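I open these notes with two topics to look up, namely where nonpolar side chains gather on the surface and where they gather inside. The entries follow in that order.

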Amino acid sequence: MTDPRNKVSPMQAKVNKRAARRFPPGVRTLFSYTAMLIGSFFIAASFNMFLLPNRIASGGVSGISVILNTLYQIPPAYTQWALNIPLFIVGILVLGKYFGVKTAVGSIVLPLFVLLTAHLTPPTHDPLLASLYGGLGVGIGLGLVFRGRGSTGGLDLAAQIVHRVVGLRLGLAVAFLDGLVILSAGIFISLENALYALIGLFATSKTIDIIQTGFQTSKAAFIISKHPELVSKAILHELDRGLTKLQGVGGYTGDDRPVLLAVVGQNEVLRLKLLVRDADPDAFVIITNASEVLGEGFHDGSRLL
């Protein structure tokens, strides 16, 4: 005879199932460092194949190494080591041991890969193509490093030091330091190269976003209706999507107005609008992008590194 105390609720069963899919800490650590190493290799290869041969200094310590290589023929890997290691030490002194081993690994391994891939032949000498594909490759590499919860040090670390010491907002500090590098490229290399560097920086930032959040963009729908039960039933049973009821208050009337929040896939938006229209033609609907959604029916957060 089964003891009713041993029965597991459906919700607990889902939690147990997700917990069982989680990787052990040792495996997650292995994946994390593997992602960092692969990402660092992508960054180094893209730097040597596209950015360095075309003198594109798209920000960061790598951009400084391009400028110094152009002016004094200093190997970029040496410049990157010469800047990354002192910055890491200062970071430990100013910020504490927050960054730890992974930042130290990134600060050392990335210049090593730059040194080891220095022999790679550039596939193009068109600066526009080089800035686009170089930015793409660096973005893929940085995205993998960030997915591994790592860091390559460099000016990102310098920006955090400036943020802590001066109080400048972190995003503004990063933009300011990268801007100084690109401005220096415009002065010491050429204005045209600085403009190509901006293209490369843009390609890198967009690629990082894609690696971090994926290609699929979900939609979040906020629905204000006088017939929330009819709309809820349509979404739950016809669209087979969950929803959340938020408590809202009418700004003019002061009346309670339930707000329904539902997250759907890109291909379900039209069907959602039709279902809401059929349930309540006067419903007020706001649909906005949700760049990443974790949870039942979407990405499983337990699978992330």
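**Entry 1, surface patch.** I began with the nonpolar patch, to which helix 3, helix 5 and helix 8 each supply at least two residues, and I noted that helix 8 gives the most, with five residues. The model is a predicted one, and I keep that in mind throughout. I listed the members of this surface patch as Leu71, Tyr72, Ile74, Tyr78, Leu112, Leu115, Leu116, Phe176, Leu180, Leu183, Ile187 and Phe188, which together have about 1,200 Å² of accessible area.

**Entry 2, one patch member.** I then looked up Tyr78, which lies in helix 4. Is tyrosine 78 buried or exposed? I found a relative accessible area of 45% for tyrosine 78, so I record this residue as partly exposed, given that the partly exposed class runs between 20% and 50%.

**Entry 3, the largest core.** Turning to the interior, I found that the largest nonpolar core has 38 residues, and that those with the most contacts inside it are Ile43, Phe47, Ile56, Val114, Leu155 and Leu157. The helices that each supply at least two residues of this core include helix 2 (25-51), helix 6 (127-147) and helix 9 (191-213), and helix 2 gives the most, with six residues.

**Entry 4, contacts of one core residue.** For leucine 155, leaving aside its neighbours within four places in sequence, I noted contacts with Gly60, Val61, Ile64, Leu177, Asp178 and Val181.

**Entry 5, another core.** Finally, I noted a second, separate core of 15 residues, among them Ala221, Ala262, Leu272 and Leu275.

Note on methods. Residues numbered from 1 in each chain as written. Predicted model: local features only at pLDDT ≥ 70, side-chain atom pairs only at ≥ 80, totals over all residues. Heavy atoms only, no water. Core = buried A, V, L, I, M, F, W, Y, C linked by side-chain atoms within 4.5 Å. Buried < 20%, exposed > 50% of the residue type's maximum accessible area, 1.4 Å probe, protein only. Helix = DSSP H or I, 4+ residues; strand = E, 2+ residues; numbered from the N terminus. Contact = heavy atoms within 4.5 Å. Patch = residues over 30% accessible without salt bridge, like charges linked within 9 Å, V, L, I, M, F, W, Y side chains within 5 Å. Areas by Shrake-Rupley, 256 points an atom, 1.4 Å probe, with all protein chains shown as cover. Salt bridge = Lys/Arg side-chain N within 4 Å of Asp/Glu carboxyl O.
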